Amino acid sequence: MSQPVKKEVDRSAMQVSDEVAIEIRNMNKWYGDFHVLKDINMTVNRGERIVVCGPSGSGKSTLIRCINRLEVHQKGDIIVDGTELSSDLKNIDKIRSEVGMCFQHFNLFPHLTILENCTLAPIWVRKTPKKEAEEIAMHFLEKVKIPEQALKYPGQLSGGQQQRVAIARSLCMKPRIMLFDEPTSALDPEMIAEVLDTMIELAEEGMTMICVTHEMGFARKVANRVIFMDAGQIVEQNEPEEFFNNPQSERTQLFLSQILGH
Amino acid sequence: MKMEPFVRTEMLSEQPAPLGETGVLKWMRENLFSSILNSIISILALVAIILAFMVLMSWAMQPSWASTSLSQCQDDPAITGACWGVINNRFNQLMFGFYPRVEQWRPTLAFILMLVAVAPVLFNNLPRKMMWFSVVYPFLAVILLWGGTIWGPLLVLAGFAIGFILFKVLFGIVGNLAAMLIAVFATLLWWLYGVSMVAEVLSGIIPIGLEPIESSKFGGFMLSITIGVSGIALSLPIGIMLALGRQSDMFIIKTLSVGFIELIRGVPLITLLFVASVLLNFFLPPGTDFDLILRVIIMVTIFASAYMAEVIRGGLAALPSGQYEAADALGLDYWQSMRLIIMPQALKISIPGIVGNFIGLFKDTTLVSIIGLLDPVGLIVTIQGSSDWNGIVWELFLFVAMMFWIFTFTMSRYSMYLENKLKTTH
Ligand SMILES: Nc1ncnc2c1ncn2[C@@H]1O[C@H](COP(=O)(O)OP(=O)(O)OP(=O)(O)O)[C@@H](O)[C@H]1O
Ligand SMILES: [Mg+2]
């Protein structure tokens, strides 16, 4: 399921600063009676590239969806960019406009063109003038290498192109943090590379990223930390080399042997 | 080395099907005469259709346009079928009811202006500035149709401005919710009590207006269109709000919406119309004489919005939750995501249902004949009761049915055009 990353990764600009971007303290979440996330503690510094992996149902999606409050946590604190996530709508909107998110199924808006998809949030949330928003959008569409598709509708693009548009759409809000929830797992193998390349370029520019992914090649080359989750808990976290070569817990070893196929 | 993914950058253009795979003959061979049994059935059906058509035509093709009574038709040996004179003779009544002849330019003008007002709503390639006329049109239509002093409708319109200004002023002082409540309440008070008083004073000073026409004079297609179009225009926005209310996280709003929808949907329209004609006056402050047509419009709107809400809820349910999440994740607030992302898609999915409701509503306006309003069907009974046309049946019903069909078929074609236009995949 994971493929080797062919692209050369330039790590020179990937620097982790001391500044804290996300802090999660004793966070717990339930779906009804079901305890999905148990006592999550995690600090993400600015510039970190974190890969979250773990078996299906372990709570990876739920964890990153709590960070921009697509899901509500019931206990503990989440502090993003110094703003605490509470039920205060102002804080939520502020955090959401600074945290970009890409989904497994892209979730582009099918009734809007690619360009409109990208300009919508800057125009309505950031109040950017339309013309300027379009310039920004074209800039990022060029960056993800599909400026020529700007006037098409999402339904006319391939999966890989759609996911790159989704990344461009998030970038148009100039987010300081990007969340990815299995961005390549709905794609055909030949399209995975183009999306991973886009993500690598983003990392090279120093973006703070949290990616839920099973692309271990990407994790090895880009991540500075890999987090392994199981049954709603963070079981182990380490630098990629250590994580892959010398996993501590049994569950991690089992998971890695399954996913890497040895 | 970087691997360039292969992606087609241009779409292949469409090509015509190979020759011999198209055309009428091929279609007939495949669909009508594909086997012996199929051919026999096709021929029999064709014969039956032609016979029925010939019978209908021999009945309908009669030189009876000029006759002025049924007995005249019956006495004329040249006329052996339909007596179309009734349409000619009572055309004016079928269109306008008992609206005074000299004033009939008013509903006619209102109808033409209505076409202008709906045009920018229906076709988004028209200049957006035309929308302003669409906003003002309802008030213009009221002045034209009912006449009387122009101050009444103008002051009602002013109510919106009053509410808005009040909200803006109070917003800074007492906060969002309180300002909203006060503004709405003040506007309602203004409409219920202020308008009539101020209108009286103003029309005393500056008496501008048209000859007032009572609601009881309204009739025919003019009445159907007045009720139908008002119902259609009002039920869509109310239906949208109810559908959103039903989805809301807020308990009170959700309960009220569900309660309203289930209550109204469970009651036949005719019951609501009786409530409008008899009961509603009990609940209003004594002395307010609430126009019957207005009451009927309110009831028809209430009825249609409950159905509309359910149709739109279907559209909302069909949207993948990812659309809500993507809108949220981009930082759009609730109303923005509803207006820009959710509703355009939900409404598009619901177009067939919405237009179906519109058509149903328009046809249901004929039910008002039961509470004594003279819509086309009510007029048929009246005309049949006159000594000249006593005993005539088919000609009138056919004419009325055809007129309704023209309106509803237009709506249905428009909905197909719109669906096609909104298609964004190939
Ligand atoms: N809305 C919900 N209501 C109830 N349970 C839920 C809901 N969403 C997720 N769950 C449950 O919570 C658990 C964690 O789900 P989550 O989607 O976070 O897993 P995941 O690690 O992302 O898995 P996958 O790799 O399959 O995406 C799962 O057992 C799932 O069944
Ligand atoms: Mg998941």
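Biologist: Which residue of strand 4 of chain A is the bridge partner of A:N28?

Modeller: In this predicted model, the bridge partner of A:N28 in strand 4 of chain A is A:K75.

Biologist: How do you know that strand 1 of chain A and strand 4 of chain A pair?

Modeller: Strand 1 of chain A covers residues 20–31, strand 4 of chain A covers residues 75–80, and five bridges connect them in the antiparallel sense. Pairing requires at least two bridges. Five bridges satisfy that rule, and the two strands therefore count as paired.

Biologist: What makes strand 4 of chain A and strand 5 of chain A partners as well?

Modeller: Strand 5 of chain A consists of residues 83–84, and two bridges join strand 5 to strand 4 of chain A, the two running antiparallel. The rule asks for at least two bridges, so this pair qualifies. One of the bridges sets A:V80 opposite A:T83, and A:I79 has A:E84 as its partner in strand 5 of chain A. The two strands form a hairpin with two residues between them, and A:D81 in the turn has a positive phi of about 55 degrees.

Biologist: Why are strand 2 and strand 5 of chain A called edge strands?

Modeller: The open sheet has four strands in the order 2-1-4-5 (chain A), with antiparallel pairing. Strand 2 (34–45) and strand 5 of chain A each pair on one side only, and these are the edge strands. Helix 1 of chain A, residues 60–67, packs on this sheet and touches strand 1, strand 2 and strand 4 of chain A. The direction of helix 1 makes about 125 degrees with that of strand 1 of chain A.

Biologist: What is the strand order of the open sheet of six strands in chain A?

Modeller: The order is 6-7-8-3-9-10 (chain A), and the pairing is mixed. The edge strands here are strand 6 (99–102) and strand 10 (233–238) of chain A. From one strand to the next, the twist averages 20 degrees. Helix 2 of chain A, residues 89–98, lies across strand 6 and strand 7 (177–181) of chain A, at about 65 degrees to strand 6.

Biologist: How do you know that strand 9 of chain A and strand 10 of chain A pair?

Modeller: Strand 9 of chain A, residues 225–230, shares five bridges with strand 10 of chain A, in the antiparallel sense. At least two bridges are needed, and the strands therefore count as a pair. Among the facing residues, A:M229 stands opposite A:I234, and A:I227 has A:Q237 as its bridge partner. Two residues lie between these strands in a hairpin, where A:A231 in the turn has a positive phi of about 50 degrees.

Biologist: Why is the link between B:E325 and A:R65 called a salt bridge?

Modeller: The closest N and O atoms of B:E325 and A:R65 are 2.9 Å apart. The cut-off is 4 Å between a side-chain nitrogen of Lys or Arg and a carboxyl oxygen of Asp or Glu, so this pair meets the definition. The link runs from helix 13 (residues 321–329) of chain B to helix 1 of chain A. The count between chain A and chain B is one salt bridge, against a count of 21 over all chains.

Biologist: How many residues does each chain give to the contact?

Modeller: Chain A gives 33 residues and chain B gives 28 residues. The area buried between them is about 2,700 Å², with 62% coming from carbon and sulfur atoms. On the side of chain A, A:F109, A:H111 and A:W124 lose the most area to chain B, together 20% of what that side buries. Six residue pairs between chain A and chain B are in polar contact. By class, the side of chain A that touches chain B has 14 nonpolar, eight polar and eleven charged residues.

Definitions and conventions: Residues numbered from 1 in each chain as written. Chains lettered and ligands numbered in written order. Predicted model: local features only at pLDDT ≥ 70, side-chain atom pairs only at ≥ 80, totals over all residues. Heavy atoms only, no water. Axes fitted to C-alpha atoms, helices over the stretch in contact; angles between N-to-C directions. Contact = heavy atoms within 4.5 Å. Buried area = accessible area lost by both parts, 1.4 Å probe. Polar contact = N/O pair within 3.5 Å; in protein donor to acceptor, adjacent residues only side chain to side chain. Nonpolar A, V, L, I, M, F, W, Y, C, P; charged D, E, K, R; others polar.
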